[in-house]
Amino acid sequence: MAPVKVSKICCIGAGYVGGPTCAVIALKCPHIKVTIVDLNQARVDAWNSPDFALPIYEPGLEDVVRQARGRNLFFSTNVDDAIEEADLIFVSVNTPTKKSGVGAGFAADLNYVELATRRIAAVATSSKIVVEKSTVPCRTAESMRTILEANSKPNCRFDILSNPEFLAEGTAITDLFGPDRVLIGSLQTPEGLDACQSLKDIYGNWVPEERILTVGLWSSELSKLAANAMLAQRISSVNALSAICEATGANIDEVAHAIGYDSRIGPKFLKASVGFGGSCFQKDILNLVYLSESLHLPEVAAYWRQVVDMNEYQKRRFSKRVVDTLFNTITGKRIAVLGFAFKADTGDTRESAAITLIKDFQSEKALVNVYDPQVEHEQIWADLQEASPLVPLDSIKKQVTLCKSALEACKNAEAVVIATEWKEFKEIDWEAVYAGMNKPAFVFDGRLLVDAEKLTKIGFKVTTIGRPSSVA
Ligand SMILES: NC(=O)C1=CN([C@@H]2O[C@H](COP(=O)(O)OP(=O)(O)OC[C@H]3O[C@@H](n4cnc5c(N)ncnc54)[C@H](O)[C@@H]3O)[C@@H](O)[C@H]2O)C=CC1
Ligand SMILES: O=C(O)[C@H]1O[C@H](OP(=O)(O)OP(=O)(O)OC[C@H]2O[C@@H](n3ccc(=O)[nH]c3=O)[C@H](O)[C@@H]2O)[C@H](O)[C@@H](O)[C@@H]1O
């Protein structure tokens, strides 16, 4: 047998990963027809919208879709047809943390992966390469193979690959154009290695060969969880140090700069913050914790768990600092929260630290103004409702006001809290913000974003993460 030359790809799941990843494959491989399918009609309609009002905000994405859509890139809800005609199928569905049952709160919910796998088995009448793109626990490929083999039709074989995605939101297109590495895991059998070569050939259209790493299936699956755990661990480490800085007079930016100069440590991912968010760090670490516990490795589980605990501590510590600084009460005070997305350059709010902060301010009976340049207001209401399920939305709306600009959000506020590092918050007219606020006017920078000295000169009382309160 020789590696299959792939001419048709199906991607199941048109989300933050499936959409950009397969749009870039279509752009870079004009000879391959790529169909991205999803059960969510509204999402598919948005991908197909005539004015390119795509369901995801991601710099550079629109340009990619404009070039490839209708040429060799298609979005559809017709899952079965796309499966049937494809040689290679990416499974890029969501794998959230389980909310109930065994492993609730820790284990990944693999229901969507299983349903997609069962659909492939039910529909396929020819052999397929099935690629796990979703982040999954170690050995999920084995379960997928069992399901596929138990349900396959005669003369239909399925080769399973693991090809985890490492893109970060906000930089997805640059990450996909020039990835640090592409990882492909396969069984080390002749058929497994052939399937691996087929996928390698696709990436080979634009990724240099030395950046395409091929490993065993289980190593590939575990490497994805490990990479996210180690990235998050760096942030929790620097955030833990930020607490020491606040208590001692050290400056976390200077400390991070100094340690990052060590080439063994490196400068990236050492920015102290109000806490990491996003759909994956917490979910994937909890998944690793669950895996460790299932393998009877409680010390390993406890080690990784601490990364998430430290993140929760960081968020709570920050809200408490706001309350403490505002003379120990924020009841009835107006707080402007700038930023709701979990990081800049994305409209994604999953696990955003802003949600926890606003909830804390609500329980302290503050009035909260919120502004984010990208997040839809409907999304903000949905997130705040989910965070406080027992509070009617009408009551939430009495305490929280959504604003159309940073300036509007800060009007008549006692304090400004920077929750997301949007560039525009660095560049707003801080003199005008100051003029419109009640005095003393406080700024709490949870992102090390603004020039604290400049703001102090304007008259603000500035509190910065990782710096003592008395120092600007
Ligand atoms: N968001 C990110 O930046 C990254 C996410 N990942 C991983 O990629 C996976 C997908 O994540 P996202 O794209 O963020 O999720 P998402 O929730 O944005 O997209 C998943 C999509 O799959 C669809 N879907 C679920 N079951 C389906 C089925 N049976 N048939 C057709 N469509 C189905 C859903 O309707 C949804 O639109 C997750 O495992 C995640 O951990 C990995 C790297 C980065
Ligand atoms: O599996 C995933 O979903 C992805 O998770 C992260 O990507 P993402 O969550 O999109 O964004 P990051 O840039 O990693 O930021 C995550 C969070 O950490 C915060 N962060 C990041 C870096 C830093 O130095 N400090 C810090 O607080 C960000 O503000 C954000 O809230 C990883 O960076 C990707 O490699 C991975 O593919």
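Which residue does UniProt list for "active site" in its unreviewed entry? The residue listed there is Cys280, and the surroundings described below come from a predicted model.

**The annotated cysteine**

Cys280 sits in the loop between α10 (252-260) and α11 (281-294). Because 24 C-beta neighbours lie inside 10 Å of this residue, Cys280 counts as buried, the cut-off for that class being 20 or more. When residues up to four places away in sequence are left aside, Cys280 touches Thr135 and Asn228.

**Backbone features in loops**

Two residues other than glycine, Arg139 and Glu351, have a positive phi, and the table sets out the value and the loop for each.

| Residue | Phi | Loop |
|---|---|---|
| Arg139 | about 85 degrees | between β5 (128-132) and α6 (140-151) |
| Glu351 | near 60 degrees | between β9 (334-338) and α13 (353-363) |

Arg139 counts as partly exposed because it has 13 C-beta neighbours inside 10 Å, whereas residues with 12 or fewer would be classed as exposed. Glu351 is likewise partly exposed, with 19 other C-beta atoms within 10 Å, and a residue needs 20 or more to be classed as buried.

A further backbone feature concerns a proline: Lys439 and Pro440 are joined by a cis peptide bond, for which omega is about -5 degrees. Pro440 itself is placed in the loop between α18 (430-436) and β13 (442-445).

Methods. Residues are numbered from 1 along each chain as its sequence is written. Chains are lettered from A and ligands numbered from 1 in the order in which they are written. This is a predicted model: local features need pLDDT of at least 70, side-chain atom pairs count only at pLDDT 80 or more; totals for chains, interfaces and linings use all residues. UniProt positions are given in the numbering used here, feature names are shortened, and annotations may be inferred rather than shown by experiment. Helices (H or I, at least four residues) and strands (E, at least two) are DSSP runs, numbered from the N terminus. Two residues are in contact if their C-beta atoms, placed from the backbone, lie within 7 Å.
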